[in-house]
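Me: Please take a close look at one part of this model. I want the packing described contact by contact.

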Amino acid sequence: MRPGLTLFIDADDTLWENNIYFDSVIDRTATRLTEYGVSTERTREALLAIERQRTRAHGYGSLNFGASLEVLCEHVGIGESLDQLRPFLRAEIAALRRKRLELLPDVPDTLAYLRRRHRVVLFTKGNHDEQWDKVVRSGLRDLFHQVDVVREKDQAAYADAARRLGARPQHAWMIGNSPKSDIMPARAAGFGAVFVPHPGTWALELTDLPETHDPGIRQVERFGELRDMF
Ligand SMILES: [Mg+2]
């Protein structure tokens, strides 16, 4: 594509691993709760429902996730054991927050290439401080012209970001792993969108992509393939 576009790029599970670490906390929590007679299936099902509701009210991030795990214990009827479980849960969240960021393949080189041709904006949702902390720890900050952390990535957030950053939607693309947060709302706001699937994507980020061909929605299998596209 010709140079001079604005490329909005998702962070978690697009630039670096993220959800696999939450999944492993859920695995260990589910195993732990079997000691209290709660099946792993029940834990997973209940947590997903709690997260669906709580992220809407409280946003995303590890601290809210930790609070969801405590709500989960109440929800599955073992609230009276929470005092006993709390040290385990808190240690899991503390370890999650200290986790070393593992970049996905070809990310720095590809960003450096894209940055020479286009305006590149890291566009991520979640807790402001936590997301910024990850950007800094990733070592990728200087490869972006701008970093924008929003509470939710819906159609209004994309329209607002385009306005704030002075990007025309028809010259803007969103790149990310989430059909629900990266592809559908960006497309609805008039951006192009490139889906970069990640097998470990959080269940609440999945939604069906349109079945009819839309030239404004593309897909690559690896982040490095963005070089050929842009
Ligand atoms: Mg993501």
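Leaving aside neighbours within four places in sequence, which residues is isoleucine 175 in contact with?

Reply: This is a predicted model. Leaving aside its neighbours within four places in sequence, isoleucine 175 touches Leu7, Phe8, Ile9, Asp10 and Thr14. Its other contacts of this kind are Val194, Val196, Phe223, Leu226 and Phe230.

Now the setting. Ile175 belongs to the largest nonpolar core, which has 28 residues. Ile175 is among those with the most contacts inside that core, along with Ile9, Leu15, Leu111, Phe144 and Phe230. Two of these, Ile9 and Phe230, are also on the contact list of Ile175.

Several elements build this core. Strands β1 (6–9), β2 (119–125), β3 (146–150) and β4 (172–176) each supply at least two residues. So do helices α5 (107–117) and α9 (226–229). Helix α5 gives the most, with three residues.

There is a second, separate core of 21 residues. Val38, Leu47, Cys73 and Leu85 are included in it.

Leu85 leads to a helix pair. It is one of the α4 residues in the contact with α1, together with Phe88, Leu89, Glu92 and Leu96. From α1 come Tyr21, Phe22, Val25, Arg28, Thr29, Arg32 and Leu33. By type, the contact residues are eight nonpolar, one polar and three charged.

The geometry is simple to state. Helix α1 (residues 19–34) and helix α4 (residues 82–98) pack at about 165°, with axes 10 Å apart. The two are therefore roughly antiparallel. Their crossing is right-handed.

Conventions. Residues are numbered from 1 along each chain as its sequence is written. This is a predicted model: local features need pLDDT of at least 70, side-chain atom pairs count only at pLDDT 80 or more; totals for chains, interfaces and linings use all residues. Side-chain values use heavy atoms; hydrogens and water are left out. Axes are lines fitted to C-alpha atoms, for helices over the stretch in contact, and angles run from 0 to 180 degrees between N-to-C directions. Helices (H or I, at least four residues) and strands (E, at least two) are DSSP runs, numbered from the N terminus. Angles under 35 degrees count as roughly parallel, over 145 as roughly antiparallel, 65 to 115 as roughly perpendicular and the rest as oblique. A crossing is left-handed if the near helix is turned anticlockwise from the far one by less than a right angle, and right-handed if clockwise. Contact means heavy atoms within 4.5 Å. Ala, Val, Leu, Ile, Met, Phe, Trp, Tyr, Cys and Pro count as nonpolar, Asp, Glu, Lys and Arg as charged, and the others, Gly among them, as polar. A nonpolar core is a set of buried Ala, Val, Leu, Ile, Met, Phe, Trp, Tyr and Cys residues joined through side-chain atoms within 4.5 Å. Buried means under 20% relative accessible area, exposed over 50%, partly exposed in between (1.4 Å probe, protein chains only).
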